[in-house]
Amino acid sequence: MAGLEGMEQPRPESGTAAGRWEPPGAGADTPAPVAGGPLSGLDLAGEPTLDEVRLPSRPQSARIARRLTGCVLLKQWSLSPQLAEQAVLLVSELVGNAVRHTGARCFGLRMLRRRGWIRIEVRDPSRGLPCLMPVHEMDTSGRGLFLVDKLSDRWGVDLLPRGKTTWFEMRVGDR
């Protein structure tokens, strides 16, 4: 299936983003994004379309990741509310997995767009692979990757020398 394979996706060669996993403003009180601005959260957390945004591995970071995703997809990329809603849900699932299952201090979020596709990545320093499990009607947990599998056009995991990137891609209608 077509996607972003073969697209060069540079990673930082040196510095904090490539070598150490620390939350932005480590050691300082980092304020939460303020609601209401046109790109609410982007100015405080970073720009996930330009570089990986690192967030602390805490349940509260899922809210920031969802807000960043919604801002980028709706306001910067002018995508449909339905696609943005699905992508926000999938980001929440990947972030939840990174927070719950990796034991990491922080994770990275990045968003890419090319003609006809968007790709959203969550990077963490664990090399443990996520597992798509069978889902039953009464299950109350374990549905995250099932949703990613059903709502995205493609998804996967890229192992890195220090960790992994779990990603999904969705087709978009470019004008």
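1. A residue counts as buried when its relative accessible area is under 20%. That cut-off is needed for strand E5. Eight of the nine residues of E5 are buried, so E5 is largely enclosed by the rest of the structure. Note that the model is predicted, and burial here is computed from it.

2. Overall layout. The protein chain holds five helices and five strands. Read from the N terminus, the elements run α-α-β-α-α-β-β-α-β-β. Of the 175 residues in the chain, 45% are buried. Contacts between residues at least 6 apart in sequence are worth a look: 69% of them join residues at least 24 apart.

3. The sheet. The five strands form an open sheet in the order E1-E2-E3-E5-E4, and the pairing is antiparallel. The edges are E1 (53-56) and E4 (154-160), each of which pairs on one side only. From one strand to the next, the twist averages 20°. In general, strands of a sheet pair through backbone hydrogen bonds, either parallel or antiparallel.

4. From E1 to E2. Strand E2 covers residues 106-114 and pairs with E1 over four bridges, in the antiparallel sense. For a landmark in this pair, take Leu55, which stands opposite Phe107 in E2.

5. From E2 to E3. These two strands pair antiparallel over seven bridges. Leu112 has Arg119 of E3 as its bridge partner. The two strands form a hairpin, with two residues between them. Check the turn: Gly116 has a positive phi of about 85° there.

6. Strand E3 itself. How many of the residues of E3 are buried? Eight of its eight residues are. In a regular strand the side chains alternate between the two faces of the sheet. In E3, Trp117, Arg119, Glu121 and Arg123 point one way. Ile118, Ile120, Val122 and Asp124 point the other way. The residues on both sides are buried, the charged Arg119, Glu121, Arg123 and Asp124 among them.

7. From E3 to E5. Eight bridges join these strands, which run antiparallel. Two pairs help to fix the register by eye. Trp117 stands opposite Arg171 in E5, and Ile120 stands opposite Phe168 in E5.

8. From E5 to E4. Seven bridges join E4 to E5, and the two run antiparallel. They form a hairpin with two residues between them. Leu160 has Gly163 of E5 as its bridge partner.

9. Helices on the sheet. H3 lies across E1, E2 and E3 (117-124), and runs at about 15° to E2. H4 lies across E2, E3 and E5 (163-171), and runs at about 165° to E5. Both helices therefore lie across E2 and E3, where contact means heavy atoms within 4.5 Å.

10. How H3 and H4 cross. The axes of H3 (residues 61-76) and H4 (residues 81-101) come within 9 Å and cross at roughly 150°. Angles over 145 degrees count as roughly antiparallel, which makes H3 roughly antiparallel to H4. The crossing is right-handed.

11. What meets at that crossing. H3 brings Ser61, Ala62, Ala65, Arg66, Thr69, Gly70, Leu73 and Leu74. H4 brings Pro81, Leu83, Ala84, Ala87, Val88, Val91, Ser92 and Val95. The residues of this contact divide into 11 nonpolar, four polar and one charged. The charged one is Arg66 of H3.

12. Ser126. Where is Ser126 found? It sits in the loop between E3 and helix H5 (144-151). Is Ser126 buried or exposed? Its relative accessibility is 17%, so Ser126 counts as buried. Leaving aside neighbours within four places in sequence, Ser126 is in contact with Thr102, Gly163 and Lys164. Gly163 is also the bridge partner of Leu160 in the E4 and E5 pairing. The C-alpha atoms of Ser126 and Leu160 are separated by 9.3 Å, although these residues lie 34 residues apart along the chain.

Key: Residues numbered from 1 in each chain as written. Predicted model: local features only at pLDDT ≥ 70, side-chain atom pairs only at ≥ 80, totals over all residues. Heavy atoms only, no water. Axes fitted to C-alpha atoms, helices over the stretch in contact; angles between N-to-C directions. Parallel < 35°, antiparallel > 145°, perpendicular 65-115°, else oblique. Left-handed = near helix turned anticlockwise from the far one by under 90°. Pairing = 2+ DSSP bridges. Buried < 20%, exposed > 50% of the residue type's maximum accessible area, 1.4 Å probe, protein only.
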